[in-house]
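Subject: Structure handover

Hello,

Here is the structure we talked about. Please open it alongside this note; the findings follow below.

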Amino acid sequence: MSSSSETALLARVPDQLFIGGQWVDSTSGRSIDVRDPATGLVLKTIADASVADARRAMDVAAETQASWAATAPRVRGEILRGAFDLLQERLEDFALLMTLEMGKPLAEARGEVGYGGEFLRWFSEEAVRIHGRYGTSPEGTGRMIVTQVPVGPSYLITPWNFPLAMATRKIAPALAAGCTAIIKPAALTPLTTLYFAKLLQDAGLPDGVLGVLTTSTSGEITTPILADPRLRKLSFTGSTPVGVSLLKEAANNVLRTSMELGGNAPFLVFEDADLDKAVDGAMLAKFRNIGEACTAANRFIVHESIADEFAKRVTERVKAFTIGRGTEDGVTIGPLINEAAVAKATSLVADAVKRGATLLVGGSAVEGDGTFFQPTVVSGVQPGSDILREEIFGPVLSIIPFTDEADAVAKANDTEYGLVGYVYTKDLARGQRLIESLQTGMMGLNVGVVSNAAAPFGGVKQSGLGREGGSEGINEYLSTKYTLTPNPFN
Ligand code: NAP
């Protein structure tokens, strides 16, 4: 893709806030420079929302709630389905935009358009399947009616690592359920969300149903929104510390919350595993999205009898990676999102090596423009190393040997996180035992990627609350309402 097509695409992306169905300037007088992490250059300068803008977006979401909730589910669903169709037409635009602002290789960005789009299609189908029930009270004197009603105006906060999919995973169920919403993307990657809001407008979304606030002052604009009694729901995807502080704020108004937080996924390889498949799965689970995924395998816990062979094979595969700007043909590893991410990967590897791990490949930042880090493998990682405790969020594969199943489970569960676990074994009974013993919300049994719009995505422990996707996903935006009426025959 030539730079002239990049320029043309960037010119099509809105640079204002989206409030009340209008593209409007911010009242802050400030702007945000959005940069390409592969070059450090500014891609586009966009509006930086103020507290006043946030209040206006909240007013609109509250004013539009009743009419959107009263819009027929079929109509809500068809708008989402129309958005899915438009997204297929604009696939290349969205893929390139994500590569430009986030850094992932273009092929992976196309994959995200596919994955992100599925939430639109899935929830367009769920909009007409919001069920209730009607029954007789046990004593026979009444009739019990149970319905599901939209929870109300919702505030959606998304991270930078999956700019489209994290937005559609929240917007689609909120809108399908009949909730209005305000979305606040990360300041590092706001362009995809702005461009997606334009797509929803083109798909016929009524004015005011969705607002977009891009801001460099997330905390400042979020506090008044969360304090507004008209807001009824917070859905957040991001780091555990920010999630914990938002949960505290949300508690003041007893908001419904969905929190998709950090991970520290174990990837267990047993001695009976198909090693070729385990290595394939490991490459996906670790290096997809440059390792910047909450579901990224963080700790490879491998049986001691095969740990050296596993390390040798993944090292060969890592040496074959091509680092570069994601727009270039053949690139498999793009830049990390910023300097802080490079510094973190550097220090985690240095700490592991200092404590006795062996560095097999990579281990340092790449000199020159952009924020690149070499894909890395470290083996023999020792207990107490930071890399076992912290989310790496980069292309670093760390290997720890285990002795038996009990040791593997103990090591896997030795973390405050519990998002996803991966297990490779041919022993079905062992696989079933591990489904029950691993303290995670999701598990991949002989697969390296679990995400699917039709599946309930989410964690336990400090990885979060609630589920996104699946038939569970829409429930996060619905409230159960119960009504009792007298027996009509009495
Ligand atoms: P982050 O720093 O927590 O930021 C996430 C979002 O919260 C961004 O939009 C950020 O905006 C905003 N934010 C930060 N401080 C805020 C505040 N005080 N008030 C309101 N909003 C605030 O996380 P990140 O670095 O962007 O994303 C990486 C993290 O997300 C990792 O821990 C990863 O595991 C997690 N994640 C989890 C899932 C999941 O489904 N469980 C999926 C993807 C990512 P600004 O950055 O613009 O301030």
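First, a term: buried means under 20% relative accessible area, exposed means over 50%, and partly exposed is in between, with a 1.4 Å probe and protein chains only. Helices (H or I, at least four residues) and strands (E, at least two) are DSSP runs, numbered from the N terminus.

By that measure, strand 15 (residues 376-379) is covered on both faces. T376 and V378 are buried on one side, V377 and S379 on the other.

Now the provenance. The model is predicted, so treat it accordingly: local features need pLDDT of at least 70, side-chain atom pairs count only at pLDDT 80 or more, and totals for chains, interfaces and linings use all residues. Residues are numbered from 1 along each chain as its sequence is written, and side-chain values use heavy atoms, with hydrogens and water left out.

The seven-stranded sheet

Strand 15 belongs to an open sheet of 7 strands with the order 14-15-16-13-12-18-19. The pairing is mixed. Two strands count as paired if DSSP finds at least two bridges between them. The edges are strand 14 (358-361) and strand 19 (442-445), each pairing on one side only. Neighbouring strands are turned by 20 degrees against each other on average, direction ignored. Here axes are lines fitted to C-alpha atoms, for helices over the stretch in contact, and angles run from 0 to 180 degrees between N-to-C directions.

Strand 15 has two partners to look at. It pairs with strand 14 in the antiparallel sense, over 3 bridges. L359 has V378 as its bridge partner there. On strand 16 (residues 396-402) the sense is parallel, again with 3 bridges. V377 is matched with L397 in that strand.

Strand 12

How many residues of strand 12 (residues 265-269) are buried? The count is 5 of the 5, so the strand is largely enclosed by the rest of the structure. A265, F267 and V269 are buried on one side. P266 and L268 are buried on the other. In a regular strand, side chains alternate between the two faces of the sheet.

Strand 12 runs parallel to strand 13 (residues 297-303), joined by 5 bridges. A265 has A297 as its bridge partner in strand 13. Between strand 12 and strand 18 (residues 420-424) there are 3 bridges, also in the parallel sense. Two pairs to check in strand 18: L268 has V423 as its bridge partner, and F267 stands opposite Y422.

Helix 10 (residues 275-287) joins the picture here. Strand 12, helix 10 and strand 13 make a right-handed β-α-β unit. Right-handed means that, with the strands pointing away from the viewer, the path from the first strand over the helix to the second runs clockwise.

The three-stranded sheet

A second open sheet has 3 strands in the order 5-6-22, with antiparallel pairing. Its edge strands are strand 5 (133-136) and strand 22 (478-486), each pairing on one side only. The twist averages 20 degrees from one strand to the next. Strand 5 and strand 6 (residues 142-150) are joined by 4 bridges. R133 stands opposite V146 in strand 6.

The ligand

Which residues are closest to the ligand? They are T158, A187, S218, S239 and E391, out of 29 that surround it. A residue is near a molecule if one of its heavy atoms lies within 4 Å of it.

Three polar contacts are worth opening; the term covers pairs of N or O atoms within 3.5 Å.
- T158: a backbone N or O atom lies 2.6 Å from a ligand oxygen atom.
- S218: a polar side-chain atom lies 2.7 Å from a ligand oxygen atom.
- L261: a polar backbone atom is 2.8 Å from a ligand nitrogen atom.

The protein covers 84% of the 900 Å² of accessible area that the ligand has on its own. Accessible areas come from the Shrake-Rupley method with a 1.4 Å probe.

Two single residues

L43 sits in strand 4 (residues 42-47). It counts as buried because its relative accessibility is 17%. The C-alpha atoms of L43 and E101 are separated by 7.6 Å, with their positions 58 residues apart along the chain.

T64 is in helix 2 (residues 51-70). T64 is buried, at 12% relative accessible area. T64 and T371 lie 307 residues apart in sequence and 42 Å apart in space, C-alpha to C-alpha.

Best regards

Notes
A polar contact is a pair of N or O atoms within 3.5 Å; within protein, one must be able to donate a hydrogen and the other to accept it, and residues adjacent in sequence count only if both atoms are side-chain atoms.
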